Amino acid sequence: MLITHAHIDHAGTMAHFVQLSGGSAAVMDRDFEQLKSGGKTDPVYGKQPAFQFPPVAAERVLKDWDVLTLGNIKMTALLGAGHTRGATTLGHHRGGRWPHL
Ligand SMILES: [Zn+2]
């Protein structure tokens with residue numbers, strides 16, 4: 001499972017489905033610790049229990065410009081830190097051109 005950033009509305013859902021399915025998680029390297037801490041290391045919301053979620057240890061840690069393949073779909077993970085330290089945009093390779101965002 002892949003998330004674009006480690007806030008509860010994305011990571012909380014991921015935590016639930018990783019636990020339910022036994023699947024693995026992927027996140028940009030700069031959000032790895034925030035995901036692993038269940039949101040407690042979030043510099044903005046970390047002290048607020050309502051914004052915390054079950055911790056997830058991502059098995060795949062992405063770096064800027066990493067290419068991900070899901071079946072016949074290729075995407076490039078682009079670091080766009082700001083919303084969180086590891087906020088990620090996915091560029092979709094399509095028809096020989098990319099990114100298709
Ligand atoms: Zn967010």
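1. Let us start with one residue, Gln-19: it counts as exposed because just 11 other C-beta atoms lie within 10 Å. For the terms, a residue is buried if 20 or more other C-beta atoms lie within 10 Å of its own, exposed if 12 or fewer, and partly exposed in between, with C-beta atoms placed from the backbone. Gln-19 sits in helix H1. Its C-alpha atom is 9.0 Å from that of Val-56, although the two residues are 37 apart in sequence.

2. Before going further, a word on what you are looking at. This is a predicted model, in which local features need pLDDT of at least 70, side-chain atom pairs count only at pLDDT 80 or more, and totals for chains, interfaces and linings use all residues. Residues are numbered from 1 along each chain as its sequence is written.

3. How confident is the predictor? pLDDT is its confidence in each residue, from 0 to 100. The protein averages a pLDDT of 93, and 96% of the residues score at least 70. Confidence is highest in H2, at 98, and lowest in strand E6 (residues 97-100), at a mean of 66. Where pLDDT is low, the predicted coordinates should not be read in detail.

4. Now the overall plan. The protein has two helices and six strands, and from the N terminus on they run α-β-α-β-β-β-β-β. Here helices (H or I, at least four residues) and strands (E, at least two) are DSSP runs, numbered from the N terminus. The C-alpha trace spans about 45 × 30 × 20 Å along its principal axes.

5. Does the radius of gyration fall where a compact globule would put it, or elsewhere? For 101 residues such a globule would have a value near 13 Å, and the protein has 14 Å, which agrees. The radius is taken over C-alpha atoms, and the globule rule is 2.2 Å times the number of residues to the power 0.38. Buried residues make up 27% of the 101 residues. Of the contacts with a separation of 6 or more, 47% are between residues 24 or more positions apart; two residues are in contact if their C-beta atoms, placed from the backbone, lie within 7 Å.

6. Back to H1, which makes a nice worked example. Its 14 residues, at 1.5 Å a residue, should span 20 Å, and its end C-alpha atoms are 19 Å apart, which agrees. The expected span is 1.5 Å times one less than the number of residues. Within H1, Ala-11, Met-14 and Ala-15 are buried. They cover an arc of only 105° around the axis, so they are on the same side of H1; the arc is that of the directions from the helix axis to the C-beta atoms. On the other side of H1, Asp-9, Leu-20 and Ser-21 are exposed. H2 is among what covers the buried residues of H1. Just after H1, Gly-22 takes a positive phi of about 75°.

7. Which residues touch the most other members of the largest nonpolar core? Among its 16 residues, they are Ala-11, Met-14, Val-27, Leu-35, Val-56 and Ala-58. H1 (8-21), strand E1 (26-28), helix H2 (32-36) and strand E4 (73-79) each supply at least two residues of this core, and the largest share, three residues, comes from H1. A nonpolar core is a set of buried Ala, Val, Leu, Ile, Met, Phe, Trp, Tyr and Cys residues joined through C-beta atoms within 7 Å. Try finding Leu-35: not counting residues up to four places away in sequence, Leu-35 touches Ala-6, Ala-11, Val-27, Val-56 and Ala-58.

8. Trp-65 deserves a look. Most residues other than glycine have a negative phi. Trp-65 has a positive phi of about 80° although it is not a glycine. Trp-65 is found in the loop between strand E2 (60-62) and strand E3 (66-70). With 10 other C-beta atoms within 10 Å, Trp-65 is exposed.

9. Finally, look at Phe-51, in the loop between H2 and E2. Phe-51 has 18 other C-beta atoms within 10 Å, so it is partly exposed. Leaving aside neighbours within four places in sequence, Phe-51 is in contact with Ile-8, Gly-39, Asp-42 and Tyr-45. The C-alpha atoms of Phe-51 and Asn-72 are separated by 35 Å, and the two residues are 21 apart along the chain.

How values were computed:
pLDDT is the predictor's confidence in each residue, from 0 to 100.
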